[in-house]
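Open the viewer and keep a selection box handy. We'll go from a helix to the core and finish at the ligand.

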Amino acid sequence: MAGHLGKQAIVVGAGMGGLTAALALADHFERILILESDRLPADPLERAGTPQGRHVHALLAGGQRALEDLFPGFERALIAAGAVPIRTGLDMRAERPGFDPFPQRDLGWDNYAMSRALVEHTVRRQVESRASIELRQECRVEALVPSADSASVTGVRCAGPAKRTEILSADLVIDASGRGTLTFDTLRALGRSVPEQTTIGVDLMYASTIFAIPDDAPTDWKGVFTFPAFGRASRGSLMLPLEGRRWICTVGGRHGDKPPGDEAGFMAYANGLRTPTVYNAIRNAKRLGDIARFGFPESVYRHYERLSEFPRGLLPIGDAICRFNPIYGQGMSVAALEARALGELLARLGAEPDPLAGLAPAFFQEVAALIHTPWESAAVPDFVHPDTRGERPSNFEQTLKFGMGLSKLAARDPAVHKLTAEVQNLLKPRSVYQDPALVQRVMAVMAE
Ligand SMILES: Cc1cc2nc3c(=O)[nH]c(=O)nc-3n(C[C@H](O)[C@H](O)[C@H](O)COP(=O)(O)OP(=O)(O)OC[C@H]3O[C@@H](n4cnc5c(N)ncnc54)[C@H](O)[C@@H]3O)c2cc1C
């Protein structure tokens with residue numbers, strides 16, 4: 001149990017960023033108050049504030065372990081709630097151009113597949129069991145409140161269910177509202193610089209629906225990831241099992257190849273995927289809900305680490321810092337990794353005479369280091385499509401070719417396959433690919 005750094009911390013938003021941040025703060029403040037604008041369902045169900053929850057949500061092993069560190073027993077709780085264990089490398093059929101499928105082999109650990117609502121619900125129940133944390137629903141934060149000298153944020157102005165407005169004070173406010181506009185508006189109101197942004201315009205459109213898993217479902221995979229062909233083609237799919245013997249099937253395309261929202265259109269679109277696996281699996285399966293669509297114009301990375309000054313008592317987290325292209329399944333995991341880093345940082349800073357003074361710059365440096373691998377891992381394949389907007393990574397062609405050589409080597413060599421899965425799952429940084437012996441082997445494959 002660490003010493004308290006303040007009386008009250010306020011967390012705006014009870015999504016994955018807010019819930020995990022509250023767990024990270026739990027030992028460091030006397031009281032943590034989470035303010036959430038939605039009315040939260042008692043069961044793991046969709047809700048208005050997180051419309052992305054109607055689409056497939058993969059939880060990467062790096063995020064899963066960060067959640068286990070923040071909440072010992074997380075994986076057990078997920079399994080008890082019906083999450084489906086997926087033996088990494090073995091239970092997923094990954095269909096990539098040139099590898100249909102990529103070799104299926106046991107890489108040594110389990111991931112879990114479930115609805116986003118179930119992950120959030122499992123973490124929320126843990127949050128609600130902590131004595132120092134209070135979760136207030138139907139409470140919208142309208143603005144952050146600055147100090148008279150504009151040097152810090154001292155609380156929030158919020159409106160409850162009866163629209164009664166209230167000012168609540170806090171030693172630390174975490175902006176986990178997803179959009180991050182509260183932080184931006186505050187910086188502008190204080191006359192401070194807002195962070196530079198890097199964007200990658202992917203113009204993605206998702207459509208998702210849920211099916212009952214049929215009795216004659218294939219037995220050689222539990223989920224399928226169908227990648228598009230190279231170049232202008234962009235149509236792909238991720239289908240994963242959910243709790244309750246269901247599949248969630250998400251299909252999507254970029255730059256105008258939009259999946260329709262009606263049943264016939266959805267099925268025709270699925271039938272146009274690069275391989276027939278998904279269509280064949282769902283064509284006679286019973287659909288259990290309607291078809292939800294989601295447009296995602298661009299990934300956005302706000303470079304808070306580049307700011308030379310930042311108000312005391314305020315931290316954005318999760319999507320409020322970086323919104324990742326969802327197809328790589330990184331957002332929830334990065335939010336959990338950031339929260340874990342926040343908890344570790346607070347424990348370290350606890351020894352300082354004024355721990356909150358140096359918190360924001362130290363946190364932003366940690367977050368930048370965390371974001372490097374997922375952002376770069378997404379940027380290179382994103383820029384394969386010629387219509388992608390934004391600045392290509394400087395070494396784009398070389399990195400792309402290296403990645404193709406690495407995939408070929410991974411298909412042949414289980415140890416390299418495991419290494420690439422560890423990087424994709426945010427268990428290891430991309431810098432492991434610079435190992436000279438590995439580089440030499442990849443170059444040899446590229447030269448073939
Ligand atoms: C289509 C799609 C698919 C995705 N697929 C994946 C995936 O496969 N794997 C993955 O890891 N990630 C995925 N993501 C990303 C993931 O959903 C987010 O990265 C993650 O939820 C980030 O959490 P967050 O807490 O920052 O924001 P959110 O989870 O969006 O939570 C924000 C919360 O703040 C509340 N809120 C907002 N404003 C206020 C306010 N003013 N006052 C009070 N409360 C407020 C909202 O109601 C909400 O509860 C996907 C995203 C999209 C769009």
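How many residues does helix α8 have, and how far does it reach from its first C-alpha to its last? Select 331–349: α8 has 19 residues and reaches 27 Å, close to the 27 Å expected at 1.5 Å a residue. Before going on, note that this is a predicted model, where local features need pLDDT of at least 70, side-chain atom pairs count only at pLDDT 80 or more, and totals for chains, interfaces and linings use all residues. Numbering starts from 1 along each chain as its sequence is written, and side-chain values use heavy atoms, with hydrogens and water left out.

Now colour α8 by burial: 14 of its 19 residues are buried (under 20% relative accessible area, 1.4 Å probe, protein chains only).

Next, pick Leu25 and Ile174, the residues with the most contacts inside the largest nonpolar core (buried Ala, Val, Leu, Ile, Met, Phe, Trp, Tyr and Cys joined through side-chain atoms within 4.5 Å), which has 90 residues. Helix α9 (359–382) gives the most to this core, with ten residues. Zoom in on Ile174: among the residues it touches (heavy atoms within 4.5 Å) are Leu25, Leu315 and, back in 331–349, Leu342.

Last stop, the ligand. Show the 33 residues that surround it (a heavy atom within 4 Å); Gly17, Glu36, Ala58, Arg116 and Asp319 are the closest. A backbone N or O atom of Gly17 lies 2.7 Å from a ligand oxygen atom, and a polar side-chain atom of Glu36 lies 2.6 Å from an oxygen atom of the ligand. Elements giving two or more residues to this shell are α1 (16–25), β7 (140–146) and α8, where we started.

How values were computed: Helices (H or I, at least four residues) and strands (E, at least two) are DSSP runs, numbered from the N terminus. The expected span of a helix is 1.5 Å times one less than its number of residues. Buried means under 20% relative accessible area, exposed over 50%, partly exposed in between (1.4 Å probe, protein chains only). A polar contact is a pair of N or O atoms within 3.5 Å; within protein, one must be able to donate a hydrogen and the other to accept it, and residues adjacent in sequence count only if both atoms are side-chain atoms. Lists of a residue's contacts leave out its neighbours within four places in sequence.
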